[in-house]
Amino acid sequence: MNLSLLPDLALFVQIVEQGSFSAVARLTGTTPSAVSRSVSRLEREMGSKLLHRSTRKLRLSDAGKTVYAHALEMLESARLAMDAAGSAQQVAQGKLTLSVPKAVGRFVIHPLMSEFLARFPQVDVCLRLEDRYLDLIDDGIDLALRITHSPSPGLHGKPLMPVSHLICATRTIYASTARRKIRRICATIAASASAKRPPMRAGNFVAKEKRKSYRPEGATPPTTPPCGWMR
């Protein structure tokens, strides 16, 4: 199939509906000769005469009637596709996969989910609570919340809120010989923040992958949910 002929098919529909090359030329801002060449390309590609032309009128051939009917269906399908795309942009719907650190997800995002789903009932949220960085493309992530100074190269980010880190200890521990060790840890964290490096990670520990999914209240979970269900 020669997809470059699709504009010629759309123009062919206009020719049939307007009844003349000159009328179509005025509508499309082109010339009658350009309209004629468009029809000639279709006829050459299909190997059939589509229009019987005279000095005063145009008449469809049998092959032209068939092509015209299919071209109308093509234009209607294109219109429906455009309408569907427009409605999808106007109404939030579909699956949204969100990657969030465990603590942020539990204490910040989770309390907001009920209000979000009530406002956008056609959105199915898959919330992945993990402390490791995921590849947004390979892991199918639509949106990720990160505790960082700047997004990874190639990604766009927007600051949401400041995050402060605190190291807590009892008075007994702080007053003991561990005090110097705690101070060294604090100094290391401060140096890491000033150098704008990603937050430190303890050893080689990587949290196991866990998935949580949210549905509006009363929804029935599928037999095999892709991300698990949170009740």
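These legends accompany three close-up views of a predicted model.

**View 1. S61 and its surroundings.** Let's start in the loop that joins β2 (58-60) to α4 (62-90), where S61 lies. With a relative accessibility of 7%, S61 counts as buried, because the cut-off for that class is under 20%. A polar atom of the S61 side chain lies 2.4 Å from the backbone oxygen of K49. Leaving aside residues up to four places away in sequence, S61 touches K49, L50, L51 and H52.

**View 2. Strand β4 and its pairing with β3.** Here we turn to β4 (residues 123-129), which is largely enclosed by the rest of the structure because seven of its seven residues are buried. Both faces of β4 are covered. One side carries V123, V125, L127 and L129, and the other carries D124, C126 and R128, all of them buried. Strand β3 (residues 94-100) runs parallel to β4, and the two pair over seven bridges. To find one of the bridge partners, look for T97, whose partner in β4 is C126.

**View 3. The aromatic pair F116 and F120.** Searching the whole structure turns up one aromatic pair. F116 and F120 form this pair, with 5.1 Å from centre to centre and 50 degrees between the planes, a tilted arrangement. How exposed is each ring-bearing residue? F116 has a relative accessible area of 27% and is therefore partly exposed. F120, at 25% relative accessibility, also counts as partly exposed.

Note on methods: Residues numbered from 1 in each chain as written. Predicted model: local features only at pLDDT ≥ 70, side-chain atom pairs only at ≥ 80, totals over all residues. Heavy atoms only, no water. Helix = DSSP H or I, 4+ residues; strand = E, 2+ residues; numbered from the N terminus. Buried < 20%, exposed > 50% of the residue type's maximum accessible area, 1.4 Å probe, protein only. Polar contact = N/O pair within 3.5 Å; in protein donor to acceptor, adjacent residues only side chain to side chain. Contact = heavy atoms within 4.5 Å. Pairing = 2+ DSSP bridges. Phe/Tyr/Trp six-rings, centres within 6.5 Å; stacked < 30°, edge-to-face > 60°.
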